[in-house]
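Work through the following exercises with the sequence and the structure open beside you. Try each task before reading its solution.

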Amino acid sequence: MKRRAELTIWEQLYLPEIVRGLIVTNVRFWRNLSLHALHAVGLAKGRRAAVTVQYPDEYKRYPDNYRGSHRLTLKEDGSVRCTACFLCATACPANCIYIEAGEHPDPTVEKFPLRYEIDTLRCIYCALCVEACPCDAIRMDTYVHPRIWGYNRADFIETKEVLMGRSKVLAERGREGLMEDLLQSYREAERAVAAK
Ligand code: SF4
Ligand code: SF4
């Protein structure tokens, strides 16, 4: 950026630059509006207009390496793979994983988590928990954005059931299913607020 002393007199007037900016904005606005109107009636399809993604009604597909939210992986019988060893909680720099371990009814399994919770308001999405897990029980390969709304802290605590549920949806309906569920929850929250 130029320092004030380096600006020309024309630039120091500012007004011409403001007018130039308004012209650019207006040209773009009317061009896009006209093109969208033409597209709506089936004309000028070959000319691309600027597009705003109408999130959450529309969304862009997240890249394959996007690590937006956690899931707890499942065994073949659908039970949680986690053995409540606490390694993820120990590795977590944000101290946001809470685990309560319980004795498993199956004598061949030592422990399992009675409670497993992630406070996503504290999480920094570093994936150290995933790296620390010795049995591939926690992953961040859901390709969905973390939940970004809520009215109290509890809305941002992801429970064992939520984290396991993501693995079930991913296995049954794929990543699109996870995204649909997230958007559905946004819509329900929106409706609940509108109904108040
Ligand atoms: S991603 Fe990082 S901050 Fe979040 S729960 Fe895992 S270790 Fe903790
Ligand atoms: S998720 Fe992995 S590291 Fe964390 S408690 Fe369970 S088994 Fe241990």
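**Exercise 1: The sheet**

Glutamate 100 stands opposite arginine 115, a residue of strand β3. The model in which this pair is found is a predicted one.

Task: Starting from this pair, work out which strands form the sheet and in what order they lie.

Solution. Begin with the two strands β2 and β3, where β3 covers residues 111-119, and note that they pair in the antiparallel sense over 7 bridges. A further position to find is alanine 101, which stands opposite proline 113 in β3. Next, follow β3 to β5, for these two strands also pair in the antiparallel sense, here over 2 bridges. Here isoleucine 118 has glutamate 158 of β5 as its bridge partner. Putting the steps together, we obtain an open sheet of 3 strands in the order β2-β3-β5, with antiparallel pairing. The edge strands are β2 (97-103) and β5 (157-158), each of which pairs on one side only.

To complete the picture, look at helix α5 (residues 160-195), which packs on the sheet and touches β3 and β5. The direction of α5 makes about 95° with that of β3.

**Exercise 2: The largest pocket**

Task: Find which element gives the most residues to the lining of the largest pocket, and describe that lining by class.

Solution. First take the pocket as a whole: its volume is about 320 Å³, and 18 residues line it. Those that lie nearest its centre are Glu158, Val162, Arg166, Leu182 and Ser185. Then ask which elements give two or more residues to the lining, and you will find β5 and α5. Of the elements, α5 gives the most, with 8 residues. Finally, sorting the lining by class yields 8 nonpolar, 5 polar and 5 charged residues.

**Exercise 3: The two ligand shells**

Task: For ligand 1 and ligand 2, state how many residues surround each, and how these residues divide by class.

Solution. A residue is counted here if one of its heavy atoms lies within 4 Å of the ligand. Applied to ligand 1, this gives 13 surrounding residues, and the closest are Cys92, Cys123, Cys126, Ala127 and Cys129. By class, the shell around ligand 1 holds 12 nonpolar residues, 1 polar residue and no charged ones. Turning to ligand 2, we count 14 surrounding residues, the closest being Cys82, Cys85, Phe86, Cys88 and Cys133. The shell around ligand 2 divides into 13 nonpolar residues and 1 polar residue, again with no charged residues.

How values were computed
Residues numbered from 1 in each chain as written. Chains lettered and ligands numbered in written order. Predicted model: local features only at pLDDT ≥ 70, side-chain atom pairs only at ≥ 80, totals over all residues. Heavy atoms only, no water. Nonpolar A, V, L, I, M, F, W, Y, C, P; charged D, E, K, R; others polar. Pairing = 2+ DSSP bridges. Helix = DSSP H or I, 4+ residues; strand = E, 2+ residues; numbered from the N terminus. Contact = heavy atoms within 4.5 Å. Axes fitted to C-alpha atoms, helices over the stretch in contact; angles between N-to-C directions. 1 Å grid on protein atoms, 1.4 Å probe; cavity = no way out; pocket = protein on both sides within 12 Å on 5 of 7 lines; lining within 4 Å. Points joined across faces, edges and corners; volume = space filled by probe spheres on them.
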